[in-house]
Amino acid sequence: MGIKTALPAAELGLYSLVLSGALAYAGRGLLEASQDGAHRKAFRESVRPGWEYIGRKMDVADFEWVMWFTSFRNVIIFALSGHVLFAKLCTMVAPKLRSWMYAVYGALAVMGTMGPWYLLLLLGHCVGLYVASLLGQPWLCLGLGLASLASFKMDPLISWQVLFHGGSSFTVLRCTSFALESCAHPDRHYSLADLLKYNFYLPFFFFGPIMTFDRFHAQVSQVEPVRREGELWHIRAQAGLSVVAIMAVDIFFHFFYILTIPSDLKFANRLPDSALAGLAYSNLVYDWVKAAVLFGVVNTVACLDHLDPPQPPKCITALYVFAETHFDRGINDWLCKYVYNHIGGEHSAVIPELAATVATFAITTLWLGPCDIVYLWSFLNCFGLNFELWMQKLAEWGPLARIEASLSVQMSRRVRALFGAMNFWAIIMYNLVSLNSLKFTELVARRLLLTGFPQTTLSILFVTYCGVQLVKERERTLALEEEQKQDKEKPE
């Protein structure tokens, strides 16, 4: 079934109507539940006074979001503003030295924020992986990088980085990328200075995203970078969109307590099935929004520095296959380049794909921090990724392939969308384990699949099917636009 297969406009209109109505109905249930639970004793710690003049409290259960916009807000604004200012001055006065300015300013900012011992610790890891890169053995560089990453799970190192574990871990991944690129291209003679410029680029340092060394080095080494037409407008639009998203999240948390309700299982169990499904879905959407805001702000600064950083992750609403599911595109690119694609090849053979996914999720487990929940999350997503390939192989099997070939292209799209809808909820449930809790995930699964069967199960499946069809229609439109663009670029 080709991606360009169209469905009747009336059918797509029906899907839009059903999806809009279902989301509005679930949202109304969540709003009523948030109002009813605002004064519950179990909510006191995470629902705090907000807009008191209209009697609204605010969900503050996500300490990371609260930290960004309270404790560290001024520090983040000051540090990034200083980076932009000095980068602009250096680009105007001495453009050949701008990469050095990035490194010096970033190292000073890290030392001022975390202290000199923290800086020395990271320098030690940089030097260690640089020395390993001189030996030209990729397996040694990757092994040392994983050992360095594992060292941050052990005392006393872990006690130094409770809040800034990401900065340390990102340093290890960046150094490993540098070492592997040095082994792959020994003729380029990368230096320790190149590694330090790469690692201490401040906008990416603490929270990412990761740019592989080859991409960063090629872009930052441009002496006289030139902006594309309309690029400044795009940067302004991206900055404005980040501000709007921050304001939208702030408003949303005054009306919907989606992060606090799951912590009170008795209260969550009283929600209607539709509201409970909406609660599970909204938890993943919020995590995507948080990542999009973080990377949107950082990427805006990086674009001002003439870099082309990894884009924010694909919206969870548009995901119905495990192969595209990730919440950090930078780390996903890193894992794909150095592990997943290296082992899995074309990702068409069952055994190599199994080995590639196991290796990838093993490293991801180490990155996230080994514990029972992470083990379960890795196993489920590893299984989901492989199960997709198994189902693809099954669909290519003679009898099933002939059955699909006998269907019209529109009906084939409908059948695949139905399987995509089931896959969509598998993605939600598998990731809800780590984003929320295992008990809440069990509650959602029991209510939607067991006690709610068949009415709730089939209703939610149909609503999700409508959503998947609309996503497929968006993909079809983009594919046609891309084809038209390529046709215009072809020489006469």
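How far apart should the ends of helix α11 (residues 231–253) be, at 1.5 Å a residue? Some notes follow, starting with that one; keep in mind that this is a predicted model.

1. Helix α11 is a handy place to begin. With 23 residues at 1.5 Å each, α11 should span 33 Å, and its end C-alpha atoms are indeed 33 Å apart, so expectation and model agree.

2. Now look at which parts of α11 face inward. Its buried residues are E231, I235, Q238, S242, V249 and F253. If the spacing in that list looks familiar, recall that an α-helix has 3.6 residues a turn, so residues three or four places apart point the same way. As for partners, the buried residues of α11 pack against the strand β2 (57–59) and the helices α2 (63–69) and α13.

3. Helix α13 turns up again in the largest nonpolar core. That core has 110 residues, and the ones with the most contacts inside it are I258, I261, L279, W425, F440 and V444. Helix α13 (residues 273–304) supplies the largest share, 15 residues. As background, nonpolar side chains in soluble globular proteins tend to be buried together.

4. I258 is worth a click. Leaving aside residues up to four places away in sequence, I258 touches L30, D59, F252, F253, L279, S282, N283 and Y286. One of these, F253, is among the buried residues of α11, and L279 is itself on the list of residues with the most contacts in the core.

5. What else is there besides the 110-residue core? Apart from that core lies another one, made of eleven residues, and L7, A318, A421 and V471 are among them.

6. Not everything nonpolar is tucked away. V350, I351, F379, F383, F387, W390, M391, L394, W397, L400 and I403 form a nonpolar patch on the surface, with about 1,000 Å² of accessible area together. The elements giving two or more residues to the patch are α15 (350–368), α16 (372–395) and α17 (398–406). Helix α16 gives the most, with six residues. Take F383, which lies in α16: its relative accessible area is 33%, so F383 counts as partly exposed.

7. On to charges: the structure holds 13 salt bridges. A good one to look up is R48 with E45, whose side chains meet at 3.8 Å, N to O. Are these two buried or exposed? R48 has 39% relative accessibility and so counts as partly exposed, while E45, at 64%, counts as exposed.

8. K337 has two salt-bridge partners to inspect. With E181, the side chains meet at 2.8 Å, N to O. This pair links distant parts of the chain, as E181 sits in helix α7 (residues 165–184) and K337 in helix α14 (residues 329–344), 156 residues apart. E181 counts as buried because its relative accessibility is 4%, whereas K337 is partly exposed at 36%.

9. The other partner of K337 is D214, and here the salt bridge is 2.6 Å, N to O. D214 lies in helix α10 (residues 213–220) and K337 in α14, so the pair ties together parts that are 123 residues apart in sequence. D214 comes out as partly exposed, with 21% relative accessibility.

10. Finally, which residues should you select to see a network of salt bridges? Try D62, E64 and K290, which are linked in one.

How values were computed: Residues numbered from 1 in each chain as written. Predicted model: local features only at pLDDT ≥ 70, side-chain atom pairs only at ≥ 80, totals over all residues. Heavy atoms only, no water. Core = buried A, V, L, I, M, F, W, Y, C linked by side-chain atoms within 4.5 Å. Buried < 20%, exposed > 50% of the residue type's maximum accessible area, 1.4 Å probe, protein only. Helix = DSSP H or I, 4+ residues; strand = E, 2+ residues; numbered from the N terminus. Contact = heavy atoms within 4.5 Å. Patch = residues over 30% accessible without salt bridge, like charges linked within 9 Å, V, L, I, M, F, W, Y side chains within 5 Å. Areas by Shrake-Rupley, 256 points an atom, 1.4 Å probe, with all protein chains shown as cover. Salt bridge = Lys/Arg side-chain N within 4 Å of Asp/Glu carboxyl O. Expected span 1.5 Å × (residues − 1).
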